[in-house]
Amino acid sequence: MTSSVSKLNKIFLAIGFFFLYVPMIVLIVYSFNGSERVNVWAGFSFKWYGELFRDEAIMSAVWVSVKLAFASASAAVVMGTLASLVLTRAGKFKGKTVFGGMVTAPLVMPEVITGLSLLLLFVGLANSIGWPEQRGFITIWIAHVTFCMAYVTVVVSSRLTEMDRSLEEAAMDLGATPLKTFLLITLPIISPALISGWLLAFTLSLDDLVIASFVSGPSSTTLPMIVFSSVRLGLSPKINALATIMILTVLIAAVISYWLVARNEKRQRKLSEISH
Amino acid sequence: MSRFNLKWLLILPPYIWLLLFFAVPFLIIFKISLSEAAIAQPPYTALFEYVNEQLTIHLNLGNYTWLFGDPLYFNAYMSSLKIAAISTVCCLLLGYPIAYGISRMSGSAQSLCLMLIILPSWTSFLIRVYAWMGILRNNGIINNIIMSLGLADEPIRLLNTEFAVYIGIVYTYIPFLILPLFANLVKLDNRYLEAAADLGAGPIKSFFTITLPLSKNGVIAGSLLVFIPVVGEFVIPELLGGSETLMIGKVLWGEFFGNRDWPVASTVAIIMLLILLVPILLFHRFQFKEMEDR
């Protein structure tokens, strides 16, 4: 590679990171602004954080969203792992093409279509079998599990195709049942993928506005719904404070996981050096 | 026999779940697109009626003829496709060099840069769109800089324009393009490029004859991951676009929540689905190849 190309690459990377991070930095800086008007700087203040924590509508929506994201991510990991095993280990079966389509399509399906179609399903079910009586937490949960499991399937199945299959075969040859082989061999090997799949599903569920707006009922308002209705009316310093807390949480989690991965890699490198 | 049962025990739960909550809803949306709006609960007429021991089917193509008759819908579809296509190209022009640059890095710098690309998409999508509202406003940062430099006397209207919509889409969707592209480019064997350089090809020539053709699958997968969802995007045109920015996701939302016309909203969705059918199938082919057992 000539140096001119790598210099050009560096410029593009710098532009890219500038573009990605400046808006967030601006958001964070203005969350500490003492002024009522978001664009005028009136000194450093924690005022909006206080207002945020006193806002009961926002706080109860945070609670609803976190509970929902936890429940959706957990179910999506179970369903997504089953779907990945079907794709990578079950071989050929009748209807595999349809199954594959239903796994990949939710990744790109426009949210307005998914949301509307699920709502119409729930309305139809309520009319014919009387369930769900009311739309709310449970209907949003079903919707979130459905689209999150597609993402989990992508993450987990890529790990399942990469892993060394001879380990599973050896266990089976030694007389382990398929279930035992899965629990003792496959599951520990794919566990990092399960964790990242769970985290991905958690953030996707926490973030969803469009699908939740269609399938929610009057009793359950999620955080994105509150943020959206407030942002629609214009800027609000309280939302800046909320955004700052979200960004910092993600940042801290990312730094910790990066450090853990780096430490793990270093340890493994040392181990392989010793063994050689 | 027990092996056979076990296999279906594995297949059935996700299969039934997806069939019920992903496939069947599309049949229902299609059914309701053929009914008429009514002031009732739910607000549409029944398609099948069983009266006097006779099954009558009310097929109503009125929503479809209505959609084709009103230029508003046609323009909204066209403008959505245009906005999605242009923003996909913008994402490619900015994202390709970034993905390429990261793919040529060494171990720790590579994982750090990759994490920096992914990190913003782990924070709220809504918050990232909101951030641009503050920057692009009439008294936002960009206009403050322009006016303090004396480049303009009056603030330039940036928010509530199509330009703002493009910024928002590229900003939020670019990681979806960079990641599959990176996964593809990182597999590129450096020896091809060295061989090309030894044989006298310049960096530009070896890019167009080697790197770009070999990364074709990554380009297609990444572009479709941006293009298809952007066609139906609602939040970005709603918050950053103006009243003249027409996108079909906004129209569908308005028909459903504003006019409470469920049959027309369903018809809008069905036609959007038909338009996107080919791109979705194309995406499926690439993605499925990645996931299936080899």
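In chain A, 75% of the contacts with a separation of 6 or more join residues 24 or more positions apart. The model is predicted. Chain A holds 11 helices and 0 strands. Its order along the sequence is accordingly written α-α-α-α-α-α-α-α-α-α-α. The radius of gyration of chain A is 23 Å, against a value near 19 Å for a compact globule of 276 residues. The C-alpha trace of chain A extends about 70 × 65 × 35 Å along its principal axes. Of the 276 residues in chain A, 40% are buried.

Chain B contains 13 helices and 2 strands. Its radius of gyration is 24 Å, where a compact globule of 294 residues would come near 19 Å. Along the principal axes, the C-alpha atoms of chain B occupy a box of roughly 85 × 75 × 35 Å. The buried share of the 294 residues in chain B is 43%. Contacts between residues 24 or more positions apart form 71% of those in chain B with a separation of 6 or more.

The two chains touch. The contact draws 70 residues from chain A and 76 residues from chain B. On the side of chain A that touches chain B, eight elements are listed as giving at least two residues each: α1 (3-31), α3 (56-89), α4 (96-108), α5 (111-129), α6 (137-162), α8 (178-207), α10 (223-232) and α11 (237-275). The largest share, 13 residues, is supplied by α1(A). By class, this side of chain A comprises 52 nonpolar, 15 polar and 3 charged residues.

Two sites in chain A were examined individually. A:Arg89 sits in helix α3 of chain A. A:Arg89 counts as partly exposed because it has 18 C-beta neighbours inside 10 Å; the class lies between 12 or fewer for exposed and 20 or more for buried. A:Arg89 is separated from A:Thr161 by 72 residues in sequence, yet the C-alpha to C-alpha distance is 9.1 Å. The second site is a peptide bond. A:Trp131 and A:Pro132 are joined in the cis form, with omega about -5°. A:Pro132 belongs to the loop between α5 and α6 of chain A.

Annotation is available for chain B. An unreviewed UniProt entry places the feature "domain: ABC transmembrane type-1" at residues 77-283 of chain B. In the model, residues 77-283 of chain B are 79% helix and 0% strand, and the end C-alpha atoms of the span are 20 Å apart. For "transmembrane region", the unreviewed UniProt entry gives residues 12-34, 76-100, 112-133, 163-183, 219-242 and 262-284 of chain B. Two of these spans were compared with the model. Residues 76-100 of chain B are 100% helix and 0% strand, with 35 Å between the end C-alpha atoms. Residues 163-183 of chain B are also 100% helix and 0% strand. Their end C-alpha atoms are separated by 30 Å.

Helix α13 of chain B departs from a straight course. This helix covers residues 262-291. At 1.5 Å a residue, a straight helix of 30 residues would span 44 Å, but the end C-alpha atoms of α13 span only 36 Å. A bend of about 50° occurs in α13(B) at B:Leu276. A proline, B:Pro279, follows within four residues of the bend.

Two loop residues of chain B have positive phi. Phi of B:Arg260 is about 50°, although B:Arg260 is not a glycine. B:Arg260 lies in the loop between α12 (248-258) and α13 of chain B. With 12 other C-beta atoms within 10 Å, B:Arg260 is exposed; the cut-off for that class is 12 or fewer. B:Asn160, likewise a residue other than glycine, has a positive phi near 60°. The position of B:Asn160 is in the loop between α6 (141-148) and α7 (162-185) of chain B. B:Asn160 is partly exposed, because 19 other C-beta atoms lie within 10 Å, whereas a buried residue needs 20 or more.

Note on methods
Residues numbered from 1 in each chain as written. Chains lettered and ligands numbered in written order. Predicted model: local features only at pLDDT ≥ 70, side-chain atom pairs only at ≥ 80, totals over all residues. UniProt positions renumbered as here; feature names shortened; annotations may be inferred. Contact = placed C-beta atoms within 7 Å. Nonpolar A, V, L, I, M, F, W, Y, C, P; charged D, E, K, R; others polar. Rg over C-alpha atoms; globule rule 2.2 N^0.38 Å. Expected span 1.5 Å × (residues − 1). Bend = angle between axes of the 7 residues up to and from the residue.
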